[in-house]
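Visitor: Please pick one part of this model and take me through it closely, with enough of the surroundings that I can place it.

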Amino acid sequence: MEAARLTVQNTLIRVATDARLRRAAENRTMSHEIVRRYVAGESISSAMDVASWLEERGRRVSITHLVSEPHDLVRTEKRVKRIRKLVRRLSDAGLAHDGFADVSVRLSAFGAALGGQGRASARDHLRAGAGERPRPPARARPHR
């Protein structure tokens with residue numbers, strides 16, 4: 001089941017980040033039904049509306065921010081702020097109870113794919129999201 005979810009997620013990310021594929025998906029009758037069923041919209045507000053609607057019907061929700069990987073730390077910081085805002089709004093609306101709603105985030109959204117500095121930044125963002133304090137950078141030990 002997890003493999004199928006990841007396949008669908010990766011396909012949706014590919015479609016969402018490629019302008020030609022996105023236009024084709026949004027304009028075709030069959031794909032329109034799939035998009036309508038699985039894509040809540042392009043904003044946090046639209047995702048919140050759909051999550052509320054599903055919660056009223058006793059359904060669980062997984063929200064994924066479908067964007068390409070950030071190419072620098074500035075974009076990474078913007079993504080992290082947007083994800084934190086979504087989580088905060090879910091909590092404020094009472095939708096983060098009993099595992100009702102979860103937010104699926106790829107580690108690359110936190111900058112993990114940016115190399116050394118990006119990986120360190122991603123770890124700090126993940127620790128902060130888990131309520132941990134960022135760890136100081138490791139110091140090189142002198143060789144004896």
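**A close look at helix 5**

Guide: Happy to. The accessible surface of the chain comes to about 10,900 Å², and carbon and sulfur atoms account for 52% of that area. Please keep in mind that this is a predicted model. Of the 144 residues in the chain, 24% are buried. The secondary structure consists of 6 helices and 2 strands, and reading from the N terminus the order is α-α-α-α-β-α-β-α. Among contacts between residues at least 6 apart in sequence, 59% link residues at least 24 apart.

Now to the part I would choose: helix 5, which covers residues 73-92. Two of its arginines make a good pair to study, Arg-79 and Arg-89. Let's begin with Arg-79. Its relative accessible area is 16%, and because the limit for a buried residue is under 20%, Arg-79 counts as buried. What surrounds this side of the story? Leaving out residues up to four places away in sequence, Arg-79 touches His-65, Val-67, Ser-68, Glu-69, Pro-70 and Ala-109.

Arg-89, in helix 5 as well, has a relative accessibility of 30% and so counts as partly exposed. Arg-89 also belongs to a patch of positive charge on the surface, where it gathers with Arg-82, Lys-85 and Arg-88.

Charge also appears in pairs, and the chain has 2 salt bridges. One of them joins the side chains of Asp-72 and Arg-75, at 3.9 Å from N to O; this pair qualifies because the cut-off is within 4 Å. Asp-72 is partly exposed at 28% relative accessible area, and Arg-75 is partly exposed too, at 41%. The other salt bridge links Arg-57 to Glu-56, with the closest N and O atoms 3.6 Å apart. Here Arg-57 is partly exposed at 45%, whereas Glu-56 counts as exposed at 62%.

For a nonpolar residue to set beside these, try Leu-21 in helix 2, residues 19-27. Leu-21 is partly exposed, with a relative accessible area of 36%. Apart from residues up to four places away in sequence, Leu-21 touches Arg-14 and Val-15.

Back on helix 5, then, the pair to keep in view is the buried Arg-79 and the partly exposed Arg-89.

Terms used
Residues are numbered from 1 along each chain as its sequence is written. This is a predicted model: local features need pLDDT of at least 70, side-chain atom pairs count only at pLDDT 80 or more; totals for chains, interfaces and linings use all residues. Side-chain values use heavy atoms; hydrogens and water are left out. Helices (H or I, at least four residues) and strands (E, at least two) are DSSP runs, numbered from the N terminus. Buried means under 20% relative accessible area, exposed over 50%, partly exposed in between (1.4 Å probe, protein chains only). Contact means heavy atoms within 4.5 Å. Accessible areas come from the Shrake-Rupley method with a 1.4 Å probe; for residues, only the protein chains shown count as cover. Patches are made of residues with over 30% relative accessible area and no salt bridge: like charges are joined within 9 Å, nonpolar side chains (Val, Leu, Ile, Met, Phe, Trp, Tyr) within 5 Å. Lys and Arg count as positive and Asp and Glu as negative; His and the chain ends are not counted. The place of a charge is taken as NZ of Lys, CZ of Arg, CG of Asp or CD of Glu.
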